[in-house]
Amino acid sequence: DVTGDVNVICQDDLKNGIDNLMLPDARQKCQNQADKQLDIAYSVLPHLTIAYEKSSSIPIQDCKYIISNISNVLPPLSEWDEVRLGVLLPILSVILENNSNQEARIRECGDSLTRLLPHLAEYHLQPNPDQNDVSKKSVARCLFSILAIYSVDDCEEEHKEERCHSQIMFQDILSPALIQCVEEMTQTPNNLTLHRLSMFQDIMNLVSLVGRAAACRGGKSSKMADIVGRLLVDLACKGYASKADEINIG
């Protein structure tokens, strides 16, 4: 029944975006309910995460299920998507840091984790008051693990000179965000809002994370680690650095 299928799709889309149609009072009520559910979840999460930390064999299906559910709600379209991410991201970050059965996870989940990279980075950087510290820290831990361990490079001979995933994230996501942020700050130096300063800090934290992950991964990512190190040293010692999009990493 094609009509039935269309109706289901429309209902799902409407459900996902329903918060955007709410009046302020209803939206605030929905936000309060979501916050309450997160509080309950966070009282249970430490017991779940420690189980994954100590587990000697995490089922691959668990990892695939969590990755799939995170993919389905990135970017989040409602407070309830934020709740799902607030629960799933801490669990995924712990699973990725667990050394047991790691080779199997790389083999079975590497491709899907690699596809998550840009979405996780953009979610981490988006100015979203609904995003909580637990989610943000968990995203950073996931990004580091994926970049350093799980990301899948194309091993075919003709693609061996292509950019590593740390370089892709730096050039395609972080560099434009950093340049835009700095330009906004320099254009209105007397109006440095807390939001802009916080955004600059978030970007620089991710730049540092990319450099550390590249250093841990080694190989063709090593050059990226050197570039990030030089960028951070220049900023710290000189107060300025080359434009991120002009840095030659080739």
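**Exercise 1.** Which residue follows α8, and what is the sign of its phi?

Solution. This is a predicted model, where local features need pLDDT of at least 70, side-chain atom pairs count only at pLDDT 80 or more, and totals for chains, interfaces and linings use all residues. Residues are numbered from 1 along each chain as its sequence is written, and side-chain values use heavy atoms, with hydrogens and water left out. Helices are DSSP runs (H or I, at least four residues), numbered from the N terminus. Gly 218 comes after α8. Its phi is positive, near 70 degrees.

**Exercise 2.** Check the span of helix α8 (residues 194–217).

Solution.
- Take 1.5 Å times one less than the number of residues.
- For 24 residues, the helix should span 34 Å.
- The end C-alpha atoms are 34 Å apart, which agrees.

**Exercise 3.** How do α7 and α8 cross?

Solution.
- Axes are lines fitted to C-alpha atoms over the stretch in contact (heavy atoms within 4.5 Å), and angles run from 0 to 180 degrees between N-to-C directions.
- The two axes come within 10 Å and cross at roughly 155 degrees.
- That makes α7 roughly antiparallel to α8 (over 145 degrees).
- Residues of α7 that meet α8 include Phe 170 and Leu 174.

**Exercise 4.** Is Ser 93 buried or exposed?

Solution.
- Locate Ser 93 in helix α4 (residues 79–97).
- Buried means under 20% relative accessible area, exposed over 50%, with a 1.4 Å probe and protein chains only.
- Ser 93 has 0%, so Ser 93 is buried.
- Leaving aside neighbours within four places in sequence, Ser 93 is in contact with Ser 138, Arg 141 and Cys 142.

Conventions: Helices (H or I, at least four residues) and strands (E, at least two) are DSSP runs, numbered from the N terminus. Angles under 35 degrees count as roughly parallel, over 145 as roughly antiparallel, 65 to 115 as roughly perpendicular and the rest as oblique.
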